[in-house]
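User: I would like to go through this model step by step. Please answer each question with a short piece of reasoning.

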Amino acid sequence: MALSRLASSSSSSSSRSADLLKPLCSAISLRRPISTDTTPITVETSVPFTSHQCDTPSRSVQTNAKELLTFFRDMALMRRMEIAADSLYKAKLIRGFCHLYDGQEAVAVGMEAAITKKDCIITAYRDHCTFVARGGTLLEVFAELMGRQAGCSRGKGGSMHFYKKDSNFYGGHGIVGAQVPLGCGLAFAQKYSKDEAVTFALYGDGAANQGQLFEALNISALWDLPAILVCENNHYGMGTAEWRASKSPAYYKRGDYAPGLKVDGMDALAVKQACTFAKEHALKNGPIILEMDTYRYHGHSMSDPGSTYRTRDEITGVRQERDPVERIRKLILSHDLATEKELKDIEKEIRKEVDDAIAQAKENPLPESSELFTNVYAKGLGVEMSFH
Amino acid sequence: MAATFHGVRATVAALSSSSSPSNSFGCKRLISSPSRSFSVRKRASFTVVRSDGSVNFDLNSKGRRAQQLIANAVATKADSSPASSSSKPGHELLLFEALREGLEEEMERDPRVCVMGEDIGHYGGSYKVTKGLATKFGDLRVLDTPIAENSFTGMGIGAAMTGLRPVVEGMNMGFLLLAFNQISNNCGMLHYTSGGQFTIPIVIRGPGGVGRQLGAEHSQRLESYLQSIPGIQMVACSTPYNAKGLMKAAIRSENPVILLEHVLLYNLKERIPDEDYICNLEEAEMVRPGEHVTILTYSRMRYHVMQAAKTLVNKGYDPEVIDIRSLKPFDLYTIGNSVKKTHRVLIVEECMRTGGIGASLTAAITENFNDYLDAPIMCLSSQDVPTPYAGTLEEWTIVQPAQIVTAVEQLCQ
């Protein structure tokens, strides 16, 4: 990405006033200094936060060029990855269930920016992008989706079972809501081991009606666990709109005694701000609920067209007004952190990266038949079963 | 089962006259044979057991009393002399104390071990298995949970994913049906679906089985529902010795282990070794070696079988009794060797006939040892009914020693 600032000609001279503040070396270097610039930039979130039983964090978010470009790159990568998965599914290279996250990228990316790898994340089946945000590679994603050996779960998990232990990503769960008690268990372990870290347990608006959520929240509040329950409210539980499934769709208030925050989930900076706030809160005061107001462009899964229970106008409307990648693109351009061409080049690069990963994954072999019986039990006092 | 059903009624009628008034089940008189000794490969001691599982007396203390029910539940070492209890090695305790001892020792040994369940902390546990542990280890290691089995089992599994070693207690195993999704999908499967990234070293334990008129919902036998779950191990303890040993082995195992206890066995008394020991999770226990027939059993039915064994011995039979202990996976090595020796198999279990442990065991033995069998495998299980409240009906739900005797007689014709 060696581009000479002097060579680019897409912007008008008036926006070049920022040049004068840039270090002198930029004029002669081939590398654009912007991508590693950490001068703080303050951005206002799109909408203010609404809270339940707690203070709201400030609408002004501290960020910088480096972070914004990282956001752009990561979200564009996730977007491309999910669209590529769509094509692979239609080509029958991915089978079974495939739940795509495009539209919701800001939640994964914003959350990651607020926390460390010591903090745990656990989510449900719409996990491809969260896995990537936690450090998973594209090869691991596509190989797992196609059931190959190089997949993150060696081809034995599939779309709904991505895990990355070394970055504390606990998956990847198919049964709606079951991951929330697991997440509170992770928070319990963090408290037990005095980790000074938190757990983000993600679930959807559909899962918000599961009893085990309230059970787990109750126990977390009783035991003061550093658990943050994050409701990714994309307003549809498969085909059922939130108002048809929940008597009270104010999911951030559902915690009753537990404080909650409603966040614009399409604004990566708002998500980052909320997660920073939540982490601080949870370490001191126990569980807190975050409701991310977000949207998925695809249907619930690849078997669902996504248009029988919502209008195409609604989908295109959200895409035009609230798309998370576009928001960051506009931010970058308006702050003159990169040119349009540079962003397009990033996207081209990403396209190639994704295509390469897919090609590599396609070459990757299917698991050996002996893999059928490995990892049923751990070696030790247990046994490895053999076919009898 | 119709023929044996009549048999039970007749037997119960005959025995009711000789039963002690305190026993609603109808005492079954046993004749002890203290001079008989068997060679076993494991350390063992005398156990004195009532068939109804109430408190017992050590065989060697002050001799036998009249009307006492005595059975050798665990075979004795050939060279052990029946000396007085004070000079014998080891210490005596009840089964629930043995469980507690095992748990306590493991908690001392490994700071990652914690216990969670309802009323296990301040209350001490509804069956006193965790009594005193909360005071000793504190509220963060001995955790009282609200009544929320689904979520606290899930939390235990989540904690296990990070490397903690929780012991989750179901106050009654039947309550863990509420956590079935967590046990089946998360506990059993996460090691596999994560491609081996996570191990789930959790122990899920609690009492189950048919008790004393506890009613249908509190007389669940979960082993038949849980046995199909890939990725878990299941063991059933039956004596203080193996209760402590299995508890310790389960906690040390990297795999999720379900330890099934029985409501009526908590007060069994036995002398167990002082030194540290564990019982292999996948091993069956040879209770009484024999030649004529292999009787496979587990948990409380072991005592019914041993009681029936007394009668059978008097009738001239020589049954080999194996407490299978490991319900998943089966110890087909021990079982197979026995089948090759005796060529006849009787399975006596407490779970329901349909889809029970006996059904799976029958299939496993048939698949592997069909050539060694001289007769079809017989399986005595509980009736496929919800456990009734009335004492007599409850008695007829489960397998009684008289039925076992009849079955062996039929098998050995």
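The questions below cover a helix of chain A, a record for chain A and a sheet of chain B.

User: Which residues of helix α11 (residues 324-334) of chain A are buried, and why do they count as being on the same side?

Analyst: The model is predicted. Buried here means under 20% relative accessible area. The buried residues cover an arc of only 160° around the axis, which puts them on the same side of α11(A). They are Pro324(A), Val325(A), Ile328(A), Arg329(A), Leu331(A) and Ile332(A).

User: Which exposed residues lie on the face of α11(A) turned away from its buried side?

Analyst: The buried side of α11(A) packs against other elements of chain A, including β1 (40-44), α2 (65-90) and α12 (340-363). The face turned away from that side carries the exposed residues Lys330(A) and Ser334(A).

User: Which residue caps the N-terminal end of α11(A)?

Analyst: The cap is made by a side-chain oxygen that lies 3.0 Å from the backbone nitrogen of Val325(A). The residue that supplies this oxygen is Asp323(A).

User: What phi does Asp336(A) take?

Analyst: Asp336(A) comes just after α11(A). Its phi is positive, at about 55°.

User: How far apart are the end C-alpha atoms of residues 73-368 of chain A?

Analyst: UniProt, in an unreviewed entry, places the feature "domain: Dehydrogenase E1 component" at these residues. Over this stretch the chain is 46% helix and 10% strand. The end C-alpha atoms are 36 Å apart.

User: Which are the edge strands of the open sheet of five strands in chain B?

Analyst: The strands follow the order β10-β12-β11-β14-β15 (chain B), with mixed pairing. The twist averages 25° from one strand to the next. An edge strand of this sheet pairs on one side only, and that holds for β10 (285-288) and β15 (378-382) of chain B.

User: Which residue of β15(B) stands opposite Ile347(B)?

Analyst: Strand β14 (residues 345-352) of chain B pairs with β15(B) in the parallel sense over four bridges. In β15(B), the residue opposite Ile347(B) is Cys379(B).

User: How many of the five residues of strand β11 (residues 293-297) of chain B are buried?

Analyst: In a regular strand the side chains alternate between the two faces of the sheet. On one side of β11(B), Val293(B), Ile295(B) and Thr297(B) are buried. On the other side, Thr294(B) and Leu296(B) are buried too. The number of buried residues in β11(B) is five of five.

User: What is the bridge partner of Val293(B) in β12(B)?

Analyst: β11(B) and strand β12 (residues 319-323) of chain B run parallel and are joined by five bridges. The partner of Val293(B) in β12(B) is Pro319(B).

Technical notes:
Residues are numbered from 1 along each chain as its sequence is written. Chains are lettered from A and ligands numbered from 1 in the order in which they are written. This is a predicted model: local features need pLDDT of at least 70, side-chain atom pairs count only at pLDDT 80 or more; totals for chains, interfaces and linings use all residues. Side-chain values use heavy atoms; hydrogens and water are left out. Buried means under 20% relative accessible area, exposed over 50%, partly exposed in between (1.4 Å probe, protein chains only). Helices (H or I, at least four residues) and strands (E, at least two) are DSSP runs, numbered from the N terminus. The arc is that of the directions from the helix axis to the C-beta atoms. Contact means heavy atoms within 4.5 Å. A polar contact is a pair of N or O atoms within 3.5 Å; within protein, one must be able to donate a hydrogen and the other to accept it, and residues adjacent in sequence count only if both atoms are side-chain atoms. Two strands pair if DSSP finds at least two bridges between them. Axes are lines fitted to C-alpha atoms, for helices over the stretch in contact, and angles run from 0 to 180 degrees between N-to-C directions. UniProt positions are given in the numbering used here, feature names are shortened, and annotations may be inferred rather than shown by experiment.
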